[in-house]
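Reader: I am new to this structure and would be grateful for a close look at one part of it. Please choose a single residue to begin with, and explain how its surroundings connect to the rest of the chain.

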Amino acid sequence: MIAIAALFLVCLAYVQAYSTGAPSAACAAIAPQHSGSSQLLAISPYSLDVSQLTAAGGYTPGRTYTLVLTGGASQYKGLLVQGRRGTTPVGSFAAGNLVKPVCSTNTAVTHTDNTLKNNIQLTWTAPAAGTGTVVFSYAVVVQNNATGSIYYATLTSSEIAEVGSN
């Protein structure tokens, strides 16, 4: 019995979760870094609402916008969102309700806890003039517990054009 309990503790220690947000190491691939993780390959029920940007025809450099990560009836435990021009991170995120900035110069945003959530508002400040088209890359963690995590990654928004100077 003691051997089984010891094996359980060793396995539990090996499973690494990030209940207070993604580490900076997750920024390169925009994918969870949990051990024992499984990526879902089905069509994601989650989407990043960028309608404030698309309704304006794109972003104005330096202006602040609200994005919303939603799953309809599907809730999620974790998130990682980053604006990119190609593979280069652009723009910056601010701390907000249940989210905090992460990665170099706050170029991404992640969760602050692993409670179930939906329709989280994200505050993004557009990059400097001359950046060009931006796409948001994001990942959503659906389940995260002692047995590992289940997530969607390599999700992207529509392309957002640069439309003018602030």
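Author: **One side chain and its surroundings**

The side chain of T70 comes within 3.3 Å of the backbone nitrogen of G72. The model is a predicted one, and the description below applies to it in that sense. T70 belongs to strand β3, which covers residues 64-70. Its relative accessible area is 19%, and T70 therefore counts as buried, the limit being under 20%. Leaving out residues up to four places away in sequence, T70 is in contact with P45, Y46, S47, N118 and N119.

The sheet around this strand comes next. β3 is part of an open sheet of four strands, ordered β2-β3-β9-β6 and paired in the antiparallel sense. At its edges stand β2 (47-49) and β6 (92-94), each of which pairs on one side only. On average, neighbouring strands of this sheet are turned by 35 degrees against each other when direction is ignored. Strands of a sheet pair through backbone hydrogen bonds, in either a parallel or an antiparallel arrangement. Between β6 and β9 (residues 120-125), which run antiparallel, there are three bridges. In this pair, F93 is placed opposite W124 of β9.

W124 also leads to the interior of the model. The largest nonpolar core has 26 residues, and those touching the most other members are L48, L53, L67, V81, L122, W124 and F136. At least two residues of this core come from each of β3, β4 (78-85), β9, β10 (135-145) and β11 (148-156). A second, separate core holds eleven residues, among them V102, C103, A139 and A153. In soluble globular proteins, nonpolar side chains tend to be buried together. L48 illustrates how the larger core is connected: apart from neighbours within four places in sequence, L48 contacts L67, V68, L69, V81, L122, F136 and Y138.

Contacts across the sequence can also be followed from I30. This residue lies in the loop between α1 (2-14) and β1 (38-39). I30 counts as buried because its relative accessibility is 3%. Although I30 and V81 are 51 residues apart along the chain, their C-alpha atoms are separated by 7.4 Å. Not counting residues up to four places away in sequence, I30 touches L80, Q82, R84, S137, Y138, A139, A153 and T154. Two of these contacts, A139 and A153, are also named in the second core.

C103 is another member of the second core. It is located in the loop between β7 and β8 (108-111), and with a relative accessible area of 12% it counts as buried. β7 and β8 form an antiparallel pair over four bridges, in which P101 stands opposite V109 of β8. Their hairpin has five residues between the strands, and there C103 adopts a positive phi near 80 degrees. Most residues other than glycine have a negative phi. L98, which is not a glycine, also has a positive phi, near 70 degrees. L98 is found in the loop between β6 and β7 (99-102), and its relative accessibility of 23% makes it partly exposed.

From L98 the path leads to K117, since L98 is one of the contacts of K117, with Q75, Y76, K77, L79 and H111 also touching it when residues up to four places away in sequence are not counted. K117 lies in the loop between β8 and β9. At 3% relative accessibility, K117 is buried. Its side chain reaches two backbone oxygen atoms, that of K77 at 2.7 Å and that of T115 at 2.7 Å.

These local pictures fit within the following overall outline. The protein chain contains two helices and eleven strands, which follow the pattern α-β-β-α-β-β-β-β-β-β-β-β-β along the sequence. Of its 166 residues, 42% are buried. Among contacts with a separation of 6 or more, 70% are between residues 24 or more positions apart. The accessible surface of the protein chain is about 8200 Å², and carbon and sulfur atoms account for 57% of that surface.

Terms used. Residues are numbered from 1 along each chain as its sequence is written. Side-chain values use heavy atoms; hydrogens and water are left out. Buried means under 20% relative accessible area, exposed over 50%, partly exposed in between (1.4 Å probe, protein chains only). Contact means heavy atoms within 4.5 Å. Two strands pair if DSSP finds at least two bridges between them. Axes are lines fitted to C-alpha atoms, for helices over the stretch in contact, and angles run from 0 to 180 degrees between N-to-C directions. A polar contact is a pair of N or O atoms within 3.5 Å; within protein, one must be able to donate a hydrogen and the other to accept it, and residues adjacent in sequence count only if both atoms are side-chain atoms. Accessible areas come from the Shrake-Rupley method with a 1.4 Å probe; for residues, only the protein chains shown count as cover. A nonpolar core is a set of buried Ala, Val, Leu, Ile, Met, Phe, Trp, Tyr and Cys residues joined through side-chain atoms within 4.5 Å.
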